Amino acid sequence: MFAAKSHTSRHYIPIVAMACLCVLLGGPSYAAGAESLIIAGATYYEPGVSGPGWVWTDADHLELNGYAGEAIGAEGDLVLTLAGQNSVTESHAPDADITLCGMEVWGNLTLRGTGTLTATGSQCGIHVSQALVVDGCTVDARADGADITNEAVAGVIAGDMAVRGGGRVVAAGAGSGAGVRAYGVYLQDLGLGNGAASCRLSVDASWLDAAGADGGVACTGGSLVSARFVAPAGGTFGASGVVDASGAVAPHVVIEPDVATPPAGETDGDNVPGDSSSKSPADANPAAGELTTGPTANPALKPAATTTKTSTTVTKTTVAKTTKPKTATTTTATLPKTGDSNWITASVTLFLLGTVLLAAACRC
């Protein structure tokens, strides 16, 4: 009788193991994507919602088409597809979760599509805690530094930034408060500890116009693929930002593709920067104190304003953003989230265990 019960119990083992496996595989997948979305003053925790000019289709995908409203924020990675003209402006509501930026993403952000996005805020137009990718779309990000003190102010603040697929970016930062440091693009580690792999700019056959009194682009390094510096003359990546031929930090940085196709009847954009006949996308005009738009510039964007302040050496420091601290994204800087790989590993292990137990039971 004891033996019979023992034999029967052995059959329960593989059944229980397979049941656990089924529960595991049917349980939460924790796919990479945003855990929450803040848009138009409301917070959402599940995709499948929409409003005027926007649709949150799934966890990692938001679509904008003619959206014009308050700031957009996301906790986690987000892919944003743009159609038509869109704009986001920081919220001035006293209880708003996003108060200083037009767009704030605590994770990775990819901007893509055929549309445009204009983002404005006090401290930054766009703030991304990890990597920002602008793929083929047009982005105008600006910060005016209103009521900001002892902080870095920039059109774009991110961990890394890549512009590719013919994307066009204008980024500008300004401010007159005490201790304000103004940049067009400010790339920083944000405490993620990525070291030399972070804080880098990559431009691949695309356009970038970045301006700020303390540096057009602040970064630890970068690369240009099928692209070139139009300004500053002899520009290169220095230890803490883009510098000119003398090694001084450049307050205005313009990058365009190697071969930019001008409109009919215009000359090409290969003239020496600073030449009066140059047709580059955004040449500096010292006399006027602003930029002139050339044939390769996107007419939908206003070029970033230059500055007459004396350039200073950029000191790389982590921006202590004054919005509420976020900790969820400090665990990883890559896609997909590590939670996915853990579930996959556990699933495979339990599957193999169930198979072995089932085979042992069959032999019994």
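This passage describes charged and aromatic side-chain contacts in a predicted model.

Side chains of opposite charge can pair when their charged atoms come close. Three salt bridges were found in a search of the whole structure. In one of them, Asp135 pairs with Arg164, with 3.4 Å between the closest N and O atoms. Asp135 belongs to strand E14 (residues 131-135) and Arg164 to strand E17 (residues 160-164), so this salt bridge ties together parts that lie 29 residues apart in sequence. Asp135 is partly exposed, at 28% relative accessibility, and Arg164 is likewise partly exposed, at 37%.

A salt bridge also joins Arg228 to Glu256, where the closest N and O atoms are 2.5 Å apart. This pair links distant parts of the chain, with Arg228 in strand E24 (residues 227-231) and Glu256 in strand E27 (residues 252-257), 28 residues apart. Both Arg228 and Glu256 are buried.

Arg142 and Asp140 form a further salt bridge, their closest N and O atoms being 2.7 Å apart. Arg142 is partly exposed, with a relative accessible area of 23%, whereas Asp140 is buried, with a relative accessible area of 7%.

Turning to the aromatic side chains, the search of the whole structure gave three aromatic pairs. One of these pairs is formed by Tyr183 and Tyr186, whose ring centres are 4.8 Å apart and whose planes meet at 55°, so the pair is tilted. Both Tyr183 and Tyr186 are buried. An aromatic ring also takes part in a contact with a charged group: the charged end of Arg168 sits over the ring of Trp207, at 3.7 Å from the ring centre.

Definitions and conventions
Residues are numbered from 1 along each chain as its sequence is written. This is a predicted model: local features need pLDDT of at least 70, side-chain atom pairs count only at pLDDT 80 or more; totals for chains, interfaces and linings use all residues. Side-chain values use heavy atoms; hydrogens and water are left out. Rings of Phe, Tyr and Trp (its six-membered ring) pair if their centres lie within 6.5 Å; planes under 30 degrees apart count as stacked, over 60 as edge-to-face and the rest as tilted. Buried means under 20% relative accessible area, exposed over 50%, partly exposed in between (1.4 Å probe, protein chains only). A charge sits over a ring if NZ of Lys or CZ of Arg is within 6 Å of the ring centre and within 35 degrees of the ring normal. A salt bridge is a side-chain nitrogen of Lys or Arg within 4 Å of a carboxyl oxygen of Asp or Glu. Helices (H or I, at least four residues) and strands (E, at least two) are DSSP runs, numbered from the N terminus.
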